[in-house]
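Welcome! Here are two short exercises to work through with the structure open beside you. Take each one step by step.

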2 protein chains.
Amino acid sequence: MAINEAQKALQKEAIPVGAVIVDGASQRVVARAHNEGVEDLTALPLPLRHAEIVALTQASISLCCPRLDGCDLYTTLEPCHMCFAAISLMRVRRVVFGAYSPQQGAISNGTNVGLNSVPSVIGGIMEDECGELLKAFFKGKRDQHTSL
Amino acid sequence: MAINEAQKALQKEAIPVGAVIVDGASQRVVARAHNEGVEDLTALPLPLRHAEIVALTQASISLCCPRLDGCDLYTTLEPCHMCFAAISLMRVRRVVFGAYSPQQGAISNGTNVGLNSVPSVIGGIMEDECGELLKAFFKGKRDQHTSL
């Protein structure tokens with residue numbers, strides 16, 4: 001489902017990252033979002049409209065709750081520092097991600113220090129499928145530049 | 001000006017943190033915001049509505065620009081991981097903060113790794129004035145608990 005969301009970002013020429021949040025108790029999907037997804041967050045500047053932030057916002061509205069204890073977040077890409085800290089502030093229980101982000105990923109770059117609540121993390125699930133979307137996107141961008 | 005914003009948060013019983021953004025070229029104030037400030041960001045969950053995020057949003061709207069190159073952000077408290085990464089994503093030039101946040105501050109806890117663009121940082125300006133507001137707020141909270 002998160003990969004499907006990432007494909008929606010791709011159709012808008014945004015970086016293909018998708019995120020889904022599931023309420024652990026009911027197993028209900030409470031958010032599905034993609035990078036630069038605008039629902040409810042039109043005011044937030046574009047560089048901050050990451051799939052995870054949009055999903056956290058949707059889930060909070062969906063559950064009528066400012067915190068997401070007991071919720072699990074699935075994302076196609078390892079969250080950046082901003083998103084991982086936001087996930088922690090929202091008290092998400094668990095993060096499952098696809099492709100690793102060695103340069104900008106919060107887990108790869110060790111940001112556990114300075115967070116009040118650290119969710120459990122599982123990385124590398126469907127890593128190739130998630131990574132291929134990103135590779136194709138950035139290759140397309142490079143090819144565009146080369147042909148200019 | 002940022003301290004004045006922090007006092008506004010206090011009046012709303014929110015954690016007293018204030019932030020101001022100045023456009024370096026024109027020296028114009030393009031945002032002044034406080035913790036849990038709601039203008040333009042009502043959808044964003046409360047735990048993410050930090051003074052800095054609200055200020056980044058205001059500045060982006062004020063300048064009609066998704067990035068804030070050449071802007072300086074002043075905040076009464078050392079930014080957390082989420083805010084410092086957001087400041088970096090928005091390409092803010094410089095961060096000036098008052099009180100240090102040894103437990104949760106991004107600079108104190110070394111988050112420079114994993115960020116594409118790191119602003120220059122000056123900490124400890126009017127540290128006592130900024131810190132006193134926070135100490136008084138949390139002392140008040142503890143006293144409330146003790147008296148229950």
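**Exercise 1. Describe the contact between chain A and chain B: how many residues does it take from each chain?**

Step 1. Contact means heavy atoms within 4.5 Å, and here 30 residues come from chain A and 30 residues from chain B. This is a predicted model, where local features need pLDDT of at least 70 and side-chain atom pairs count only at pLDDT 80 or more, while totals for chains, interfaces and linings use all residues. Residues are numbered from 1 along each chain as its sequence is written, chains are lettered from A and ligands numbered from 1 in the order in which they are written, and side-chain values use heavy atoms, leaving out hydrogens and water.

Step 2. About 2300 Å² is buried between chain A and chain B, with carbon and sulfur atoms giving 75%. Buried area is the accessible area (1.4 Å probe) that two parts lose on being put together, summed over both.

Step 3. Helix H2 (51-62) and helix H3 (81-89) of chain A are the elements that give two or more residues to the side touching chain B. Helices (H or I, at least four residues) and strands (E, at least two) are DSSP runs, numbered from the N terminus.

**Exercise 2. Is helix H2 of chain B largely enclosed or not?**

Step 1. Helix H2 (residues 51-62) of chain B has 12 residues.

Step 2. Of these 12 residues, 10 are buried (under 20% relative accessible area, 1.4 Å probe, protein chains only), so H2(B) is largely enclosed by the rest of the structure. Among them are Ile53(B), Val54(B) and Leu56(B).

Step 3. The buried residues of H2(B) pack against strands S1 (18-23), S2 (28-34) and S3 (71-77) and helix H3 (81-89) of chain B.

Conventions. The expected span of a helix is 1.5 Å times one less than its number of residues. Buried means under 20% relative accessible area, exposed over 50%, partly exposed in between (1.4 Å probe, protein chains only).
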